[in-house]
Amino acid sequence: MARILVDLDGTIAALHEPWVKWHQETCGCGPVNVEVEDWKHATACGPKLFEFLRGDDIYKDVTPERGAVVSLHMLARDGHELLIVSEASPVYLGEHYKMKKTWLWQQGLSHLPLIVVPSGMKPWLAGDVLVEDRISVVREWQAVHWKAGLLHAQPWNVSAPLFCGSWADIVAYIRRNYA
């Protein structure tokens, strides 16, 4: 069985939809929907873009990514060790841990450990597999560990030259390679 590190935001939690909505309402710019192919538009708003991530209720309107909750339960039943991993500014680690753990509890995932590390530190977490939505994190993690990094398919990474798929694809890959 495998120790599987699973990113929270954009992989389990569909954080981007409320973030994009807030971005449009606050900055008057940004994409018209959550089908963001890159985050270059973010520079138009400057540092204000990240104010959303400092709010007390950023997970209020966040829903799970399609298939995430059932897939995590399946992998846990298969005997895999699952760790939910996330990054946050060092200044907000405690606050973000509480918000994220509360959201996981609301989704029926409170039994899974949550690790919140300072931004940029996720590639140093040890495991057999990393499931993540950001290609840069997957590449860094693979360079450090020489192990499988799986991309959860999102509009901003579907053209990546790495394994990329839905939650069903990810579960099938793990079952095939880590039974």
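Colleague: In which sense do strand E1 and strand E4 pair?

Modeller: Strand E1 (residues 3-7) and strand E4 (residues 129-132) pair in the parallel sense over three bridges, where a pair needs at least two DSSP bridges between the strands. The elements themselves are DSSP runs numbered from the N terminus, with at least four residues of H or I for a helix and at least two of E for a strand. This is a predicted model, in which local features need pLDDT of at least 70, side-chain atom pairs count only at pLDDT 80 or more, and totals for chains, interfaces and linings use all residues. Residues are numbered from 1 along each chain as its sequence is written, while side-chain values use heavy atoms and leave out hydrogens and water.

Colleague: What's the order of the six strands in the sheet?

Modeller: The sheet is open and parallel, and its strands follow the order E3-E2-E1-E4-E5-E6. Strand E3 (114-118) and strand E6 (164-165) stand at the edges with a single partner strand each, so one side of each has no neighbour in the sheet.

Colleague: And which strands do H2 and H4 touch?

Modeller: Helix H2 (residues 68-77) packs on the sheet against E1 and strand E2 (81-88), and its direction makes about 135° with that of E2. H4 also packs on the sheet, touching E1, E4 and strand E5 (148-152), and its direction makes about 175° with that of E5. A contact is heavy atoms within 4.5 Å, and the angles, from 0 to 180 degrees, compare N-to-C directions of lines fitted to C-alpha atoms, for helices over the stretch in contact.

Colleague: Stepping back, how many helices are there in the protein?

Modeller: The protein has five helices, along with six strands, and from the N terminus on the elements run β-α-α-β-α-β-β-α-β-β-α.

Colleague: What about the loop after H4, is tryptophan 146 there buried or exposed?

Modeller: Tryptophan 146, in the loop between H4 and E5, is exposed, because its relative accessible area is 78% and exposed means over 50%, buried under 20% and partly exposed in between, with a 1.4 Å probe and protein chains only. Although tryptophan 146 is not a glycine, it has a positive phi of about 55°.

Colleague: Where is valine 144, then?

Modeller: Valine 144 is found in helix H4 (residues 135-145), and it counts as partly exposed because its relative accessibility is 32%.

Colleague: What share of the whole protein is buried?

Modeller: Of its 179 residues, 45% count as buried.
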